[in-house]
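Ready for some practice in reading a protein structure? Work through the exercises below with the model in view, and try each task before you look at its solution.

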Amino acid sequence: MKGRIHSYQTLGTLDGPGVRFVVFMQGCNIRCAYCHNPDTWELTGGQEIEADDLFQKILRYKAYFGKEGGVTVSGGEAILQPLFVRELFCLCHKAGIHTALDTSGNLLNEPIKQLLDVTDLVLLDIKMASEEDYRAYTKASLKSVLTFLQQLEDKRIPTWIRQVIVAGFNDTPENIHKLNGLIKGHSCIQKVELLPFRKLCLEKYNEMGLAFPFAKYEETPQATIAALSALIKP
């Protein structure tokens, strides 16, 4: 089966446990105000590739994965192409390779549920902690994400929660309190990662002739991330 990917990273260390081959899928159905990859938005962009051809590239790096690493499929939004990702994950499992899905969780249908059945770990990005902010800054609904999280709970899929922290926007104990309320009671959650807002994407926005909605905000200090992480109560 063919899928459309934006790019891949061969030895990633930031998208799941261990050393990972990270695939960035093409196409996204939401518009985050702090998105770093506007060039992944359009479904018709990127390059087409067969799942098996991509898997053959992955196999070249299997020796680097060790016991902890594996493959992470990210985006764009990976669950827009669930059948392709499922085929890739099935191939990975046959080779004993750990699979992780990095997603915003804004969709849930039967093909996505079938994809989750062959997913070892989900990195679920809860982009905003209130419905009002979620709609305002992603053009989507937080309710859909919480439905997706409940599916992960029902299927007992190990889950890492992620949220980007923007200095001057959501870098507050109040935001973390809201996030704690959303994730409370979900035994599938193994970890919560707060990610610092960065503006490395500014050049990309300029090249594409797009305004970066969060250009006015400063990058988030690591000390802020550490202080807020101490308040997490999964």
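**Exercise 1. Place isoleucine 5 in its surroundings.**

Task: In which strand is isoleucine 5 found, and is isoleucine 5 buried or exposed?

Solution:
- Step 1. Keep in mind that you are looking at a predicted model. Isoleucine 5 belongs to strand S1.
- Step 2. Check the accessibility. The relative accessible area of isoleucine 5 is 0%. Buried means under 20%, so isoleucine 5 is buried.
- Step 3. Look at the two strands beside S1. S1 and S3 run antiparallel and are joined by four bridges; here isoleucine 5 stands opposite glutamine 47. S1 and S2 also pair in the antiparallel sense, over five bridges, and methionine 25 is the bridge partner of isoleucine 5 in S2.
- Step 4. Now list contacts, leaving aside neighbours within four places in sequence. Isoleucine 5 is in contact with Val23, Phe24, Met25, Gln26, Gly46, Gln47, Ile49, Leu54 and Phe84.
- Step 5. Finish with a distance. Isoleucine 5 and leucine 108 are 103 residues apart along the chain, and their C-alpha atoms are separated by 21 Å.

**Exercise 2. Walk across the sheet.**

Task: How many strands form the open sheet, and in what order? Which are the edge strands?

Solution:
- Step 1. Follow the strands from one side to the other. There are eight, in the order S3-S1-S2-S4-S5-S6-S7-S8, and their pairing is mixed.
- Step 2. Find the strands that pair on one side only. These edge strands are S3 (47-50) and S8 (189-196).
- Step 3. Consider the twist. Ignoring direction, neighbouring strands of this sheet are turned by 30° against each other on average.
- Step 4. Zoom in on one pair. S2 (residues 20-25) and S4 (residues 70-74) pair in the parallel sense over five bridges, with phenylalanine 24 opposite serine 74 in S4.
- Step 5. Add a helix. H3 packs on the sheet and touches S1, S2, S3, S4 and S5, making about 155° with the direction of S5.

**Exercise 3. Describe how two helices meet.**

Task: At what angle do H1 and H3 pack, and which residues make the contact?

Solution:
- Step 1. Read the geometry. H1 (residues 51-59) and H3 (residues 82-94) pack at an angle of about 40°, and their axes are 9 Å apart.
- Step 2. Name the arrangement. This angle makes H1 oblique to H3.
- Step 3. Give the handedness. The crossing of H1 and H3 is right-handed.
- Step 4. List the residues in contact. H1 brings Ala51, Asp52, Leu54, Phe55 and Ile58, while H3 brings Phe84, Glu87, Leu88, Leu91 and Cys92.
- Step 5. Sort the residues of this contact. Eight are nonpolar, two are charged and none is polar.

**Exercise 4. Explain why S7 is enclosed.**

Task: Why is S7 described as largely enclosed by the rest of the structure?

Solution:
- Step 1. Count the buried residues. Seven of the seven residues of S7 are buried, so S7 is largely enclosed by the rest of the structure.
- Step 2. Compare the two faces of S7. One side has Thr159, Ile161, Gln163 and Ile165, the other has Trp160, Arg162 and Val164, and both faces are covered.
- Step 3. Turn to the paired strands. S6 (residues 121-125) runs parallel to S7 and is joined to S7 by four bridges; leucine 123 stands opposite tryptophan 160. S7 and S8 pair in the parallel sense over seven bridges, with arginine 162 opposite glutamate 193 in S8.
- Step 4. Look for a helix. H9 (residues 222-229) lies across S7 and S8, at about 150° to S8.

**Exercise 5. Spot special backbone points in the loops.**

Task: Where is the cis peptide bond, and where do lysine 139 and arginine 156 lie?

Solution:
- Step 1. Start with the peptide bond. The one from glycine 75 to glycine 76 is cis, with omega near 5°. Glycine 76 lies in the loop between S4 and H3.
- Step 2. Move to lysine 139, in the loop between H5 (131-138) and H6 (142-155). Lysine 139 has a positive phi of about 65° although it is not a glycine, and it is exposed, with a relative accessible area of 61%.
- Step 3. End with arginine 156, in the loop between H6 and S7. Arginine 156 is not a glycine but has a positive phi of about 55°. With 75% relative accessibility, arginine 156 counts as exposed.

Conventions: Residues are numbered from 1 along each chain as its sequence is written. This is a predicted model: local features need pLDDT of at least 70, side-chain atom pairs count only at pLDDT 80 or more; totals for chains, interfaces and linings use all residues. Side-chain values use heavy atoms; hydrogens and water are left out. Axes are lines fitted to C-alpha atoms, for helices over the stretch in contact, and angles run from 0 to 180 degrees between N-to-C directions. Angles under 35 degrees count as roughly parallel, over 145 as roughly antiparallel, 65 to 115 as roughly perpendicular and the rest as oblique. A crossing is left-handed if the near helix is turned anticlockwise from the far one by less than a right angle, and right-handed if clockwise. Contact means heavy atoms within 4.5 Å. Ala, Val, Leu, Ile, Met, Phe, Trp, Tyr, Cys and Pro count as nonpolar, Asp, Glu, Lys and Arg as charged, and the others, Gly among them, as polar. Two strands pair if DSSP finds at least two bridges between them. Buried means under 20% relative accessible area, exposed over 50%, partly exposed in between (1.4 Å probe, protein chains only).
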